[in-house]
Every structure is written in structure tokens, then in C-alpha cells.
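Please take a moment with the sequence and the model shown here before reading on. The paragraphs after them go from one part of the chain to another.

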Amino acid sequence: MKNMDAFLQFLSEYYLLIILGIIIIFVLAGIIIANYSYENFSDEFEKAKQTISGFNGSAVDLANFISYKKFNREISVNVFEKKPNTSNGSYVPAKRMVNISNELANSNSIASIAITSHEFGHACQHYENPKLLERNYKLSKAVHILGLLNWPLFIIAVIMLFTDYFQFTLICLGMIILVFIFALTLKYLTIKIEKDASKRAIKLLQELELFSNKEINQVKKLLKSAKSTYIGDFFRALFSWTGMTHKTKIF
Ligand SMILES: [Zn+2]
């Protein structure tokens, strides 16, 4: 009983430090997961870039062919120069445009096919539900801005701990937790969209009948390994303010 009292006494004196400690551990674990999952995918991606497929053409040829076959040529294809830490491809709903990086555009590697077909997966989503991608993009921006607030909130929380206004520490920690929950919800929605785009990509490739089962399975494997980075991506988005995570988008 005496031990219990001592323990409660300890808790009531140090609960703010304990909460702070738990948050710091959570942040560090998140950063490790974020960086590890990215490194892991990065290896797979490099391997896939070296794996040449039997497709007689480049990623741009494939993109134009998909646009012609499935989208009545309504989707344009654009090659952009890849800068470090940017994605390899993207789909721009407003322009109905698939962007492919110059590192992938002229190749027929498994990586090139995977990214190209994944972006057309997004195009399928856009045709089916025109508002979906736009809404998600706006929410991502909101989370990013809120994420930037974490750093000042965290500093205020620590400073207030040593003043008479330590209630503000709790308020700041509460706000950080709210941002976490908001970001988590949004990331869940994004992950769903990305998974669905990859699923549609595989379906597209199967329908084209240009690739062997082996090649489609290689693409599937690469897109699947990208999934492991989604959790990492979540932590990356949350902890980019620490400057300790890679700020890297894949596609
Ligand atoms: Zn995507």
C-alpha cells in the first residue's frame, strides 16, 4: 500500500514529464520506421529499374498506348526532369496528364511499367469519381500545414513546463495529439487510394495482354512493396518538422 502511494505521488509530480517522454519515444520510433521502410522499398525499386521487360517500347510508348486504348487519347503524357527527393510519376487530374520522370520514361523496365500503370490507375479513379483526388490533395495540404505547427507547439509545451502556466503544456500536447489523429485519418484515406490505384494498374496491364504473367507478378511485387512505405510515409508526414526523416515521395 505504501509503495502504491509512493507511486501515485511520483505520477502526480512527474506526469507532464512522463507524457513528454512518451511523445519523444513515439517520435523517435516513427522516424526509424519511416526511414527504414523507405530504404527497404528503395532497394526493391533500384532492382526493378534494372529488370528489363519484354515490352517493345518505352514507358512513354506504353502510356500513349494505354491513353489510346482505354481513354480515347484524352490523357496526355508528359516527361519531366526528376529532381532528388521528388516522385517518379504523378497524375494531374485538372490537366488529365500523366507525368513520368526522365529516369523512367525511356525505359521498359519493371519499375517504369509499374509507375506508368499506377498513374493510369489514378486516371481510372479520376474518371470514376472526379472529386476524389482533388479532395484528398486539399486535405493533404491541410495536414502538412498543421504538421508544421507541431514544432512550435512542442517548444511551447516544454517551456511552459518550467513556468507557472504549465496547464498550457497540456493544451499544446493535446493539440499535437489532435493533429496526429487528423493526419492518421487522412493518411488512411490516402493509403486506400494508393492501394486502389495499384490494383487498377494490374488490371489494366492484364487487359492489355502485352506482358507475361511473370512480368505482371514482378510489377505486382514492386507495387506491393511500396505499400510498406505507406506507414513510413505517414510518420514522415508527421515528423518532417524534425528534419530527421527523408522527405521523399515515391509516386
Ligand atoms: Zn499514386
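What follows is a walk through helices, a hairpin, salt bridges and a surface patch.

This is a predicted model, in which local features need pLDDT of at least 70 and side-chain atom pairs count only at pLDDT 80 or more, while totals for chains, interfaces and linings use all residues. Residues are numbered from 1 along each chain as its sequence is written, and side-chain values use heavy atoms, with hydrogens and water left out.

A good place to begin is helix 1, which covers residues 2-50; helices here are DSSP runs of H or I with at least four residues, strands are runs of E with at least two, and both are numbered from the N terminus. Helix 1 has 49 residues and reaches 66 Å from its first C-alpha to its last, close to the 72 Å expected at 1.5 Å a residue, where the expected span is 1.5 Å times one less than the number of residues. The helix has a kink of about 70° centred on Y14, the bend at a residue being the angle between axes fitted to the seven residues ending there and the seven starting there.

Y14 also belongs to a nonpolar patch on the surface, formed together with M4, F7, L8, F10, L11, L17, I18 and I22, and these residues have about 810 Å² of accessible area together. Patches are made of residues with over 30% relative accessible area and no salt bridge, with like charges joined within 9 Å and nonpolar side chains (Val, Leu, Ile, Met, Phe, Trp, Tyr) joined within 5 Å; the areas come from the Shrake-Rupley method with a 1.4 Å probe, and for residues only the protein chains shown count as cover. One of the patch members, L17, is found in helix 1 and is partly exposed, with a relative accessible area of 46%, given that buried means under 20%, exposed over 50%, and partly exposed in between (1.4 Å probe, protein chains only). N3, which lies in helix 1 as well, is exposed at a relative accessible area of 67%, and N3 and E194 are 191 residues apart in sequence and 52 Å apart in space, C-alpha to C-alpha.

Is helix 4 largely enclosed by the rest of the structure, or largely open? Helix 4 (residues 110-128) has 19 residues and reaches 27 Å from its first C-alpha to its last, close to the 27 Å expected at 1.5 Å a residue. Because 17 of its 19 residues are buried, helix 4 is largely enclosed by the rest of the structure.

The next stop is a hairpin. Strand 2 (residues 89-92) and strand 3 (residues 97-101) run antiparallel and are joined by four bridges, and two strands pair if DSSP finds at least two bridges between them. Within this pairing, Y91 stands opposite V98 in strand 3. The side chains of strand 2 alternate, with G89 and Y91 pointing to one face and buried, whereas S90 and V92 point to the other face and are not buried. Four residues lie between the strands of the hairpin, where R96 takes a positive phi near 50°, although R96 is not a glycine.

R96 also leads to the salt bridges, each defined as a side-chain nitrogen of Lys or Arg within 4 Å of a carboxyl oxygen of Asp or Glu; by this rule the count comes to 10. The side chains of R96 and E74 meet in one of them, at 3.9 Å from N to O. Since R96 lies in the loop between strand 2 and strand 3 and E74 in the loop between helix 2 and strand 1 (76-80), the pair ties together parts that are 22 residues apart in sequence. R96 is partly exposed at 34% relative accessibility, and E74 is partly exposed at 39%. The loop between helix 2 and strand 1 also holds R73, which has a positive phi of about 60° although it is not a glycine, and R73 counts as exposed at 61% relative accessibility.

Another salt bridge joins K70 and E207, whose closest N and O atoms are 2.7 Å apart. K70 lies in helix 2 (residues 59-70) and E207 in helix 6 (residues 167-208), so this pair ties together parts that are 137 residues apart in sequence. K70 is partly exposed at 38% relative accessibility, and E207 is partly exposed at 41%. In helix 6, D196 and R200 are four residues apart, separated by about one helical turn, and they form a salt bridge with their closest N and O atoms 2.6 Å apart. Finally, E44, K47 and K221 are linked in a network of salt bridges.
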